[in-house]
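Q: I have a structure open and want to go through it piece by piece. Can you take my questions as they come?

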Amino acid sequence: MMEVFRDWFEHRHDYAKQWQKKTGGKVMGYFCTYAPEEIMYAAGILPVRVLGGHEPQAVTEPHIFGMFCPFCRDCLAQGLKGNFNYLNGIMISQSCIHLRQAFTSWRLHVPVEYNYYLPFPHGVQNPPVYKYLTAELRTFQKSLEDWLGSTISDTALDHAIDVYNTNRRLLREIFDLRRGTHPPISGLDAMYLALSSQMVDKAEHNVMLEELLKRLKTKAVSGNGNSRIRLMLIGSENDDTQFTNMVESLGADIVIDEHCTGTRYFWNEVIPQEDRLAAIAARYIDRPPCPAKDWPDRRRIPHILNLAKDYGVQGAVLIQQKFCDPHEFDMPAIAQALKKEGIPSYNFEFDVTVPLGPFKIRMEAFLEMLRGEELFV
Amino acid sequence: MAQEFWRWKEYNWRDPEESWNKAKMLTAGVDVGSVSTQAAVMADGQLCAFASMRTGSDSPDSARKAMDWALRETGLTLDRIRYVIGTGYGRVNVPFAHRTITEIACHARGANFMYGPNVRTVLDMGGQDCKAIRCDEKGKVSAFLMNDKCAAGTGRGMEVFADLLSVPLEQIGDLSYEVDQEPQPVSSTCVVFAKTEAVGLLRKGWPKNNVLAAYCSAMAHRVYTLLERLGVEGDFGITGGIAKNSGVVKRLEKELNLKALTPRYDPQIAGAVGAALFAHTLAQKEATA
């Protein structure tokens with residue numbers, strides 16, 4: 001049944017168009033996982049994450065300077081090429097300047113009915129942030145209501161929170177099964193689960209996740225065997241399924257990740273409180289942070305180390321989008337922290353397309369290194 | 001035909017003691033690189049024959065030719081070799097190999113053989129890439145880095161300069177020191193841009209030797225940054241074709257403030273030697289399993 005999730009991801013535009021046709025609802029493209037999807041979902045909107053296409057392109061050259069990250073350029077390219085021409089609106093929750101540039105350029109050159117810039121604060125560790133973001137979410141809600149001509153009720157917000165929390169809980173339960181010696185699903189499949197949840201109606205996604213969880217729990221341990229190396233992927237966004245597939249084909253299991261396309265997206269739930277928007281605001285403020293928002297305290301690194309220990313990781317692959325300063329800044333500190341725990345790591349710099357040949361040599365050598373004595377007397 | 005200045009010496013070697021005759025087990029490693037191919041034959045873990053030649057457009061063919069050439073004057077045939085390991089960029093294209101191992105692991109193991117167990121940092125300057133490797137006393141990799149997206153600091157770059165300046169490749173090192181004063185290095189980020197810069201310098205009237213010095217020094221600095229990123233610990237050994245170019249090696253030693261060790265054999269065959277040693281270990285393990 002894994003192919004359902006894969007197809008959702010690979011044919012995401014078809015899915016969104018069909019959803020639009022079937023429900024008559026509006027589809028909103030969002031640019032960063034700090035977007036408070038629950039509010040949009042409560043308004044009857046399908047939020048879909050804007051991701052790149054991993055194909056060489058030149059359409060963004062007049063709009064974004066070459067030293068902006070390949071991900072933001074690839075995202076904008078999708079808009080300029082008309083791949084998202086079904087969107088009714090776009091929104092961004094402030095994360096980094098690069099992605100905001102893609103959003104701003106899209107707004108200029110690919111007109112849509114509705115657009116919204118949510119000034120999500122960087123100082124997520126400052127106490128006033130909860131009040132501030134709650135107020136911003138209220139403004140966003142009002143803006144959506146004005147656009148749609150209808151109000152978003154507390155009941156609708158409760159329902160959205162419930163659907164989203166269920167999705168997060170199910171994904172975590174499935175991911176938890178990968179802690180065992182024989183992970184019942186591959187890293188590639190786990191990637192399809194997390195990615196598809198960012199573009200499919202969560203209520204529908206939940207039904208499939210429930211079914212998958214049931215099957216995985218009852219399934220006899222088939223597993224991959226002990227000789228496979230347990231790896232963790234760490235970095236910004238990563239929807240490069242080709243890379244994951246290559247890594248696992250070399251005799252490794254990716255057992256956990258720390259990406260905004262993976263666990264950072266769904267790791268924590270909304271804790272209900274009377275003021276629904278305050279509850280939603282708290283969830284996004286307290287989530288495992290993107291490095292753009294992880295200061296003055298470093299909360300990301302202890303979180304990574306916990307995951308690495310919890311999932312019995314033997315080695316880590318640090319993935320960085322070229323020119324992504326916040327992540328680039330974090331890499332030496334993460335590598336050092338992992339090394340202290342006896343976990344070697346290797347860095348890869350990603351672009352729109354990745355050179356699989358040269359990356360494969362590095363990955364093979366890294367795995368040979370992790371296998372230790374296998375090649376020695 | 002015009003002289004091909006970029007050509008380097010292709011040759012084979014065999015142990016004058018003919019140690020293969022008394023060996024219990026023969027193993028081999030074939031390193032099919034992007035520019036050169038080497039085959040090394042080990043008699044009970046000691047080097048007894050090798051060949052080093054240019055890689056052609058057909059990798060399996062290059063692997064076969066190098067192996068045949070290594071064996072040619074030994075009277076041995078391929079079926080006498082118990083275990084063969086393929087390595088290098090074309091490692092999956094060695095038709096007679098039992099398995100493949102990356103050139104990173106093989107160069108570390110080969111450097112351990114050539115330079116002894118005290119070598120902790122290995123720099124492999126190959127045809128089209130460059131690797132900085134840290135290893136332990138067995139030659140096991142503990143960390144490594146590779147150049148990416150750029151062939152500056154590699155053999156191919158040196159070939160381009162030999163051709164441009166009509167200087168035989170093997171003379172570049174010595175000639176690069178025949179200068180009154182060490183010139184500023186040329187661009188160190190791209191072979192093609194460096195060449196453009198060199199053409200400009202020649203037009204300005206720079207003598208060839210100065211241009212060579214400027215290029216060797218740029219290349220030395222390029223690999224120096226890679227080594228610094230990884231962290232250098234002595235002893236230090238260089239493998240790959242550029243290890244034979246004193247123009248780069250001595251300038252690098254100066255930047256690092258560290259002497260590179262002297263190899264027991266041609267450092268260009270280190271990858272094939274490492275592969276042949278792994279073949280020896282794996283064949284032994286297989287025999288006792």
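A: Yes. One point before we start: this is a predicted model. A place to begin is the open sheet of chain A, where four strands are arranged in the order E2-E1-E3-E4 with parallel pairing.

Q: Which strands of chain A stand at the edges?
A: Strand E2 (46-49) and strand E4 (114-118) of chain A do. Each has a single partner strand, so one side of each has no neighbour in the sheet.

Q: And what holds strands of a sheet together, in general?
A: Backbone hydrogen bonds pair them, in either a parallel or an antiparallel way.

Q: By how much are neighbouring strands of this sheet turned against each other?
A: On average by 25°, with direction ignored.

Q: How many bridges join E1 to E3 in chain A?
A: Three, between strand E1 (residues 27-30) and strand E3 (residues 89-93) of chain A, which run parallel. As for individual residues, Met28(A) is opposite Gly89(A) in E3(A).

Q: Which helix lies across E1 and E2 of chain A?
A: Helix H2 (residues 12-23) of chain A, and its direction makes an angle of about 170° with E2(A).

Q: Switching to helix H12 of chain A. Which of its residues are buried?
A: H12 spans residues 276-286 of chain A, and its buried residues are Arg276(A), Leu277(A), Ile280(A), Ala281(A), Tyr284(A) and Ile285(A).

Q: Why are they on the same side of H12(A)?
A: Because they cover an arc of only 170° around the axis. As background, an α-helix has 3.6 residues a turn, so residues three or four places apart point the same way.

Q: What do the buried residues of H12(A) pack against?
A: Three helices of chain A: H3 (37-42), H6 (129-148) and H7 (154-176).

Q: OK, chain B now. What are its domains?
A: The domain assignment gives domain 1 of chain B as 11-110 + 268-288, and domain 2 as 117-260. Their centres, taken over C-alpha atoms, are 27 Å apart. In the contact between them, domain 1 of chain B contributes 12 residues and domain 2 of chain B 18 residues.

Q: Which element gives the largest share on the domain 1 side?
A: Helix H2 (residues 103-115) of chain B, with six residues. That side as a whole has five nonpolar, six polar and one charged residue.

Q: Last one: how many residues are in contact between chain B and chain A?
A: 13 residues of chain B meet 10 residues of chain A. On the chain B side, H2, strand E9 (141-146) and helix H8 (270-288) each supply at least two residues, and E9(B) has the largest share with four. The chain B side splits into seven nonpolar, three polar and three charged residues.

Conventions
Residues are numbered from 1 along each chain as its sequence is written. Chains are lettered from A and ligands numbered from 1 in the order in which they are written. This is a predicted model: local features need pLDDT of at least 70, side-chain atom pairs count only at pLDDT 80 or more; totals for chains, interfaces and linings use all residues. Domain bounds come from an automatic or database domain assignment. Two residues are in contact if their C-beta atoms, placed from the backbone, lie within 7 Å. Ala, Val, Leu, Ile, Met, Phe, Trp, Tyr, Cys and Pro count as nonpolar, Asp, Glu, Lys and Arg as charged, and the others, Gly among them, as polar. Two strands pair if DSSP finds at least two bridges between them. Axes are lines fitted to C-alpha atoms, for helices over the stretch in contact, and angles run from 0 to 180 degrees between N-to-C directions. A residue is buried if 20 or more other C-beta atoms lie within 10 Å of its own, exposed if 12 or fewer, and partly exposed in between; C-beta atoms are placed from the backbone. The arc is that of the directions from the helix axis to the C-beta atoms.
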